[in-house]
Amino acid sequence: MKKNSIENKEWQKADARVLGQILAAQNIEFALPDTTRIAEFFAETLLAIPGIASCRVCIENVIFQKGEMENELCAGCETLQEITAGQNEIRPRGMGIRCMLAGQANMQINTIDSCQHHFGFFVFRIDDPDAFNVYKPFISNLSNYVAISLENRLQRDLLRKARGELELRVAERTEELKRTNEDLIREIAAHQQAEESLRKSEEELRAFFSQTIDGCFYMMLDEPVRWDETVDKERMLDYVFAHQHITQINDAMLAQYGATRGQMMGLTPNDFFKHNLEHGRDLWRRFLDAGNIRLESDERKLDGTSMWIEGEYIAIHDRQGRIIGHFGIQRDITKRKQMDETRREQYSTLHSIIESTDALIFSVDREYRYTSFNSAHAAVMRAIYNVEIQLGHSLWDYMTNAEDREKAKRNLDRALAGEHLVESAYSGEEKLSRLYFEVSHNPIAAGDGTVIGVAVFSHDITERKRAEEEIARSLEAEKKAREIAEILREANESLSRTLNLDDVLQNLLQYLNRLVPYDSANVTLLEGDFQLRVAALRGYERWTDIDMTRKITFDVRTAPVLKEVVATQKSLIIADTRDHPGWIRPAGAEHVISWLGVPIIAGRQVIGLYSADKTEPGFFTEEHRRLVEGLAGQAAVAIQNTRLHDQIKRANVELEQRVIDRTAQLEAANKELEAFAYSVSHDLRAPLRHIDGFVELLQKNMGISLDEKNRHYLDTIADSAKKMGILIDDLLSFSRMSRSEMVNTRVDLTELANEVIEELKPETENRKIQWLIGTLPQVRADRAMLRGVLVNLISNAIKFTRPRSHARIEIGVAQESPTEITIFIRDNGVGFDMNYADKLFGVFQRLHRTEDFEGTGIGLANVRRIINRHGGRTWAEGEIDSGATFYFSLPQSSEEELP
């Protein structure tokens, strides 16, 4: 798929059964009791996906593997185990845990990350990348779904624990207050003791108020109010919104609103609902009517940003029943809402795929209750039983036909016992209106292997089944019916395993002979729009030359019988070809008296023709026709499968040839480049040697007779020849750089930089240069090439700071990440205009005059080519007369990768 995109048509190659198992796996995950079961279950589910040889599921402190892997557990998984097992917590996302198997050949890694936490990995060893890539986006969606489910489970456990503690404390407090009140009534003399007890209780309540992770607050009214039918509720609501103020608030509540205590104290409902006052008034009406309310609501922080809250609010009354304020406890559920939305989008994508298939898909638990179904299954249930099915309801609530129920229950029970079975089934009360299906029952197992449900996939085979039933009713004996069914079954299995077209066609004629005792038969395939070519034949050796018969091609436009079969896509029986108008009798077919022709149809188009011949007239019957038509359906599928297989083989051959051709082109280009380098090295150097030699002879011969002007001309010619030689050397070095073999070793950049600076000391004599060399890392690279990079960049810094009385050159690390490291060389030289920065690394591109600064314009081009070969990047920043900074990046290597 293109970038793992579902929009690409590659997903249509996916097996609907495998996709159904993925969907069922998502639904079943909610029923798995613990992480161990989850890891075991998904390892077994993922191993069933085509292209995967083995898989390992690493979740929290559990690692479960199915199949063999050459690699042991990596440091990433061991770290994950240590964190979750030792500290009893989930690793926050983005803290550096990665699977060390990533990037290895035939390995595929999918992280299991939610928005907040890292839960682990799906690790696959791939033996068929093409098959695996079809399912890659679905596996990615599944890993995201598992992460969201685990995050929800974690958040749900935390919420349940907090609520349990709150309810326990409230119950304890309620019981304590009850005992306190009873003590006050019975023992007025113990007033001081009761006050002390009350004081302690208030301290505990304040401690709970300040320490709970949920936001808590009190809002109290300036004056008590009544809320009943005796008051104008709208006016009273105006009063409540304006005269009820925050009087107590805990730190968790302040954190939710991103505010200080000073900003929150004294706020009124008008302040909290100013973004949507009508929404706030509606909530308060319901709250005041009931005296309490539990809700999820989209609210606003003080800065206006949106947040989702989940809260419970309780009105506080005085002894007269008047409302004096209310207490609230709430938590920020914005992240949970966002994760829920992400999960809904992912589920919607997978659900749309399942919905788009023609297959009928549903799943049930061990109580036969629906856990999922697609619209195709719902439509069939509606058509057969006139019901609208719902999740959570028993299948037996809808399947009212006793025979259907008995057969369905028998198959489901076998699947619940762990058996995979595929068979034909029917539904419907009246036999004439029955719909027939090929049904696959697949057990759904938890991580420990316990079967917790069944996924059922059905394909409508009504037309084929009715044809088979018609054939079966036409046969005189039950034994014959069983024989025909066995033949068709054997044919289906044999044809499904055969991918060679000739073998398929010969098998078709063999199975046809077992159904219809013909004297001779053939299969012709349609080529183009009109040509029927004999592709396979049997039984003709008694009447004709087989090799000649194999070459026969019929034009349907000139053969009326064949034209009729192809045009109408209907079978044709001719009782006596001698009396049939338009019958063409080619040589070798004089024995054909009785003839049966059946079209082979694929995708509503005729792709070929079955022909059965008999020497006696009137032999073929309607029963024979139906038998051959049943086999023709299987023939169409088998032929199309072989053609698809041949197309794939041809595509692979073409791809291999393209690779060979491209390799040859590259080798030819390299040879041309080597020839060019040879020409430069030999042909161009000869004229330069002549120029230099004759200039030297001319200077010696002329001696002192040369005036200053002519001597200057000769010196200029000699210098130009030397510069041309240097330029040729640089060009040769530049051309060899892309062809020379790289030898990657551990390179200490600090040591290499100091070595280059020491080598360039002759160029810095009598100059004041301040060198600032930072601590540089060790990298994996070709040392000789990297030395060339530093020589060019440091030489440039020395050269372009020449006008400075006090030069400053700095070398250090600009940025370091897990994937790459960036090195900079900065100077305070003449700089350059950033408008021309894109020309710096081009061949012969110079931003300064040769008269001012020597050079050939090749050095920086060589730098870029070397860094590109290492997989890095190069760029520069500068300002005229304010210095320049040159950067190059290299891929980051782990300690294990460094030799």
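**Figure 1. Phe 217 of strand E6 stands opposite Ile 249 in strand E7.** The model is predicted: local features need pLDDT of at least 70, side-chain atom pairs count only at pLDDT 80 or more, and totals for chains, interfaces and linings use all residues. Residues are numbered from 1 along each chain as its sequence is written, and side-chain values use heavy atoms, with hydrogens and water left out. Strands (E, at least two residues) and helices (H or I, at least four) are DSSP runs, numbered from the N terminus. Two strands pair if DSSP finds at least two bridges between them. E7 covers residues 244–249 and is joined to E6 by 5 bridges, in the antiparallel sense. E6 (residues 215–225) also pairs with E10 (residues 323–332), again antiparallel, over 7 bridges. On that side, Phe 217 faces Gly 328.

**Figure 2. Met 219 sits in strand E6.** Is Met 219 buried or exposed? Met 219 counts as buried because its relative accessibility is 4%. The cut-offs are under 20% relative accessible area for buried, over 50% for exposed, and partly exposed in between (1.4 Å probe, protein chains only). Contact means heavy atoms within 4.5 Å. Beyond its neighbours within four places in sequence, Met 219 touches residues including Gln 244, His 245, Ile 246 and Thr 247. Leu 267, Thr 268, Pro 269 and Phe 272 are also among its contacts, as are Ile 324, Gly 325 and His 326. Phe 327 is 108 residues away in sequence, yet the C-alpha to C-alpha distance to Met 219 is 6.6 Å.

**Figure 3. Two hairpins link strands E8, E9 and E10.** E8 (residues 292–300) and E9 (residues 306–317) run antiparallel, joined by 9 bridges. Ile 293 stands opposite Tyr 313 in E9. This hairpin has 5 residues between its strands, and Gly 304 takes a positive phi near 95 degrees. E9 and E10 are also antiparallel, with 9 bridges. Here Glu 312 faces Ile 329 in E10. The hairpin of E9 and E10 has 5 residues between the strands, with Gly 321 at a positive phi near 85 degrees.

**Figure 4. Helices H6 and H10 cross at roughly 105 degrees.** H6 spans residues 233–243 and H10 residues 277–290; their axes come within 11 Å. The crossing makes H6 roughly perpendicular to H10. Angles of 65 to 115 degrees count as roughly perpendicular, under 35 as roughly parallel, over 145 as roughly antiparallel, and the rest as oblique. Axes are lines fitted to C-alpha atoms, for helices over the stretch in contact, and angles run from 0 to 180 degrees between N-to-C directions. H6 contributes Lys 233, Glu 234, Leu 237, Asp 238, Val 240 and Phe 241. The H10 side includes Leu 277, Gly 280, Arg 281 and Trp 284. Arg 285, Leu 288 and Asp 289 of H10 also take part.

**Figure 5. Strand E5 is largely enclosed by the rest of the structure.** How many of the 10 residues of E5 (residues 117–126) are buried? The count is 9. E1 (residues 52–59) pairs antiparallel with E5 over 7 bridges, and Cys 58 stands opposite Phe 121. E4 (residues 107–113) is joined to E5 by 7 bridges, also antiparallel. Asn 110 stands opposite Phe 122. E4 and E5 form a hairpin with 3 residues between them.

**Figure 6. Six strands form an open antiparallel sheet in the order E18-E17-E16-E21-E20-E19.** E18 (553–555) and E19 (572–574) are the edge strands, each pairing on one side only. The twist averages 25 degrees from one strand to the next. E17 (residues 531–538) is joined to E18 by 3 bridges, and Leu 532 has Phe 554 as its bridge partner. Helix H16 (residues 501–515) lies across E16 (520–527), E17 and E21 (605–614), at about 65 degrees to E17.

**Figure 7. Helix H18 (residues 560–568) has buried residues Val 561, Leu 562, Val 565 and Val 566.** These residues lie on the same side of H18 because they cover an arc of only 125 degrees around the axis. That arc is taken from the directions from the helix axis to the C-beta atoms. The buried residues of H18 pack against E17, E18, E19, E20 (594–602) and E21. Gln 569 follows H18, with a positive phi near 55 degrees.
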